[in-house]
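Please open the structure in the viewer and keep the sequence at hand. The tour proceeds by selection, each stop stating what to pick and what is found there.

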Amino acid sequence: MNTPSELKYTKDHEWIKIEGNVATIGITDFAQGELGDIVYVDVDTVDDDLEGGAVFGSVEAVKTVSDLFLPVAGKVIEFNSELEAQPELLNTDPYGNGWIIKLELADGADHSELLSAEEYQAVIG
């Protein structure tokens with residue numbers, strides 16, 4: 001199971017990479033493996049200010065639809081448009097070209113619930 005140590009994680013299986021006041025967010029290798037073949041990514045929250053834990057979109061796989069939860073509060077500033085034509089990037093490159101959104105962090109965004117790679121590995125067993 002691939003869990004890059006430079007990223008932070010949530011118990012809901014999202015990863016987050018924070019650079020300055022912008023965060024890149026996607027789903028983990030574990031999550032894409034559990035979902036199976038991903039066929040559609042729906043994000044209609046660009047330009048929305050959302051609280052941490054809010055649903056920012058969904059991922060549709062062959063057998064199920066799963067909500068995507070925001071790891072921290074902020075404003076969704078970009079959706080990875082490559083996913084419109086190639087949703088399978090979430091399966092083949094979840095930590096690279098399969099990123100889902102970019103988020104401008106809210107002032108004082110709470111990072112305390114984010115997990116290290118080791119803590120996330122313990123969650124997924």
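Between which two strands does the loop that holds threonine 10 lie? Select threonine 10: the loop in question runs between E1 and E2. The model on display is a predicted one.

**Threonine 10 and its surroundings**

Is threonine 10 buried or exposed? Its relative accessibility is 9%, and it therefore counts as buried, the cut-off being under 20%. Next, add Pro71, Leu114, Leu115 and Tyr120 to the selection; threonine 10 touches these four residues, when residues up to four places away in sequence are not counted.

**The strands on either side of the loop**

Now select E1 together with strand E2, residues 14-19. The two run antiparallel and are joined by 2 bridges. Within this pair, lysine 8 is placed opposite isoleucine 16 of E2.

**The six-stranded sheet**

Extend the selection to the open sheet of 6 strands, and follow the order E1-E2-E3-E9-E8-E5, in which the pairing is antiparallel. Strand E1 (8-9) and strand E5 (49-50) occupy the edges; each has a single partner strand, so one side of each is left without a neighbour in the sheet.

**Valine 76 in strand E8**

Within this sheet, move to strand E8, residues 74-79, and select valine 76 there. How much of valine 76 is accessible? Its relative accessible area is 0%, so valine 76 is buried. Which residues surround valine 76, once its neighbours within four places in sequence are left aside? Display Thr45, Val46, Asp47, Asp48 and Leu50, and then Ile101, Lys102 and Leu103: valine 76 is in contact with each of these.

For a distance across the model, pick the C-alpha atoms of valine 76 and isoleucine 124. These residues are 48 residues apart in sequence, and their C-alpha atoms lie 27 Å apart in space.

**Strand E6 and its partners**

Proceed to strand E6, residues 55-61, which is mostly covered, with 5 of its 7 residues buried. Strand E4 (residues 38-42) runs antiparallel to E6, and 4 bridges join the two. To see a facing pair, select tyrosine 40, which stands opposite glutamate 60 in E6.

Next, select strand E7, residues 65-69. E6 and E7 also run antiparallel, with 5 bridges between them, and they form a hairpin in which 3 residues separate the strands. Here glycine 57 is found opposite leucine 68 of E7.

**The whole chain**

Finally, clear the selection and view the entire protein chain, which has 4 helices and 9 strands. In sequence order, these elements follow the pattern β-β-β-α-β-β-β-β-β-α-α-β-α. The radius of gyration is 13 Å, close to the 14 Å given by the globule rule for 125 residues, so the chain is as compact as a globular protein of that length. Along its principal axes, the C-alpha trace spans about 40 × 35 × 20 Å.

Buried residues account for 46% of the 125 residues. Of the contacts with a separation of 6 or more, 60% are between residues 24 or more positions apart. If a surface is displayed, its accessible area is about 6,500 Å², and carbon and sulfur atoms contribute 42% of it. Colouring by charge brings out 6 positive and 26 negative charges, whose mean positions are 5 Å apart.

Definitions and conventions. Residues are numbered from 1 along each chain as its sequence is written. This is a predicted model: local features need pLDDT of at least 70, side-chain atom pairs count only at pLDDT 80 or more; totals for chains, interfaces and linings use all residues. Side-chain values use heavy atoms; hydrogens and water are left out. The radius of gyration is taken over C-alpha atoms; the globule rule is 2.2 Å times the number of residues to the power 0.38. Buried means under 20% relative accessible area, exposed over 50%, partly exposed in between (1.4 Å probe, protein chains only). Contact means heavy atoms within 4.5 Å. Accessible areas come from the Shrake-Rupley method with a 1.4 Å probe; for residues, only the protein chains shown count as cover. Lys and Arg count as positive and Asp and Glu as negative; His and the chain ends are not counted. The place of a charge is taken as NZ of Lys, CZ of Arg, CG of Asp or CD of Glu. Two strands pair if DSSP finds at least two bridges between them.
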